[in-house]
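User: Please take a close look at a single part of this structure, and then set out how the elements around it are arranged. Plain description is enough.

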Amino acid sequence: MTTADGEAYDASPYVPEGADLDELRAAAADCHGCPLYRDATQTVFGEGAPSARVLLVGEQPGDQEDRQGHPFVGPAGRVLERALGEAGVDPGETYVTNAVKHFKFTVRDGGKKRIHKPPSLREMAACRPWLAAEMRLIRPEVVVALGATAGKTLLGPSFRVSDRRGVPEPFPGEKPELWRHVMGEGRACLVATIHPSAVLRADDRDAMYAGLLSDLRRVADALR
């Protein structure tokens, strides 16, 4: 997709065919599939077990992830790690990634603070080939959509966390043409929940965390 201003929004030319995860990660470092690469420090690719039973999909790297080059290493990552452990999901059976691989932000306080901005639908679509390539290699049993951006990337723009959270459903879902060639029919289930950063923003963090934990326990149940 190319917009009227000449910007390209498609990562597929950068995704090498037949690559393993290490080769994909190396190729993603040079991705210019949308304009987000210009301001981000680096591409933040997924990490975890190559044969993971659970694929966790977040929104995009945050400030710390962008600086360190690894997914979910900031405060939200610590919330997720705690919740997965309490839910009974073995971290050795997980792979964590994001729907969008570059940090989108706005600068405040004279450039001292980088404030997260949600990716647009076309940025999600542009980056989808990377997620598809990861999914094709990992072939997870359960896909976890962490928040609205992940859900829209996986299930389409009508997705709402409040309508779908905590209920395992067959995957591919309502947008099978996007994923059937990757996963096949009936290959996995999907569980949607909030992004762990929502816990950190909540007025009642305990209640928000309890909801996240409850949803992730459904993931553990689906693996049994």
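Analyst: In this predicted model, helix H1 covers residues 21–28, and its buried residues are Leu21, Leu24, Ala27 and Ala28. These four lie on the same side of H1 because they cover an arc of only 125° around its axis. The spacing fits a general rule: an α-helix has 3.6 residues a turn, so residues three or four places apart point the same way. What do the buried residues of H1 pack against? They pack against S3 and against helix H4, which spans residues 121–138.

S3 leads into the sheet. This strand, residues 94–98, is paired in the parallel sense with S2, and 5 bridges connect the two. One of the bridge pairs sets glycine 58 against asparagine 98 in S3. S2 is also parallel to strand S6 (residues 142–146), with 4 bridges between them; here leucine 56 is opposite valine 144. S2 itself runs from residue 54 to residue 58, and 5 of its 5 residues are buried. The cover extends to both faces of S2: Val54, Leu56 and Gly58 are buried on one side, Leu55 and Val57 on the other.

H4, the other packing partner of H1, is followed by a loop that leads to S6, and arginine 139 sits in that loop. Arginine 139 has a phi of about 50°, positive although the residue is not a glycine. Most residues other than glycine have a negative phi. With a relative accessibility of 30%, arginine 139 is classed as partly exposed. Phenylalanine 72 is another non-glycine residue with a positive phi, here about 55°. Phenylalanine 72 belongs to the loop between H2 and H3. Its relative accessible area is 14%, so phenylalanine 72 counts as buried, the cut-off being under 20%.

A positive phi also occurs in a hairpin formed by S4 and S5. There are 4 residues between the two strands, and aspartate 109 in the turn has a phi of about 55°. S4 (residues 105–108) and S5 run antiparallel and are joined by 4 bridges. Within the pair, threonine 106 has isoleucine 115 of S5 as its bridge partner.

S5 is also part of the wall of a pocket. The largest pocket holds about 730 Å³ of space. It is lined by 32 residues, and those closest to its centre are Glu59, His116, His195, Ser197 and Arg201. Two or more lining residues come from each of helix H2 (63–68), helix H3 (75–87), strand S5 (113–116), helix H5 (148–155) and helix H8 (197–201). Which of the elements gives the most to this lining? H8 does, with 4 residues. By residue class, the lining of the largest pocket has 16 nonpolar, 10 polar and 6 charged members.

Alanine 198 is one residue of H8. Its relative accessibility is 14%, so alanine 198 is counted as buried. From alanine 198 to aspartate 39 the C-alpha separation is 25 Å, with their positions 159 residues apart in sequence.

S3, the strand that H1 packs against, contributes to the second largest pocket, as do strand S1 (47–48) and H3, each with two or more lining residues. The volume of this pocket is about 270 Å³. Its lining has 14 residues, with Glu81, Leu84, Pro91, Thr94 and Val96 nearest the centre. H3 gives the most to the lining of the second largest pocket, with 5 residues. That lining divides into 8 nonpolar, 4 polar and 2 charged residues.

One more strand residue deserves a note. Threonine 193 is in strand S8, which covers residues 188–193. Is threonine 193 buried or exposed? Threonine 193 is buried, with a relative accessible area of 1%. Leaving aside residues up to four places away in sequence, threonine 193 touches Val144, Ala145, Leu146, Gly147, Val161, Arg165, Leu212 and Asp215. Val144, among these contacts, is the residue of S6 that stands opposite leucine 56. Glycine 69 lies 124 residues from threonine 193 along the chain, and their C-alpha atoms are 25 Å apart.

How values were computed
Residues are numbered from 1 along each chain as its sequence is written. This is a predicted model: local features need pLDDT of at least 70, side-chain atom pairs count only at pLDDT 80 or more; totals for chains, interfaces and linings use all residues. Side-chain values use heavy atoms; hydrogens and water are left out. Buried means under 20% relative accessible area, exposed over 50%, partly exposed in between (1.4 Å probe, protein chains only). Two strands pair if DSSP finds at least two bridges between them. On a 1 Å grid over the protein atoms alone, a cavity is a set of points where a 1.4 Å probe fits but cannot get out, and a pocket is an open set with protein on both sides within 12 Å along at least five of seven lines; lining residues have an atom within 4 Å of a point. Grid points are joined across faces, edges and corners, and a volume is the space filled by probe spheres set on the points. Ala, Val, Leu, Ile, Met, Phe, Trp, Tyr, Cys and Pro count as nonpolar, Asp, Glu, Lys and Arg as charged, and the others, Gly among them, as polar. The arc is that of the directions from the helix axis to the C-beta atoms. Contact means heavy atoms within 4.5 Å.
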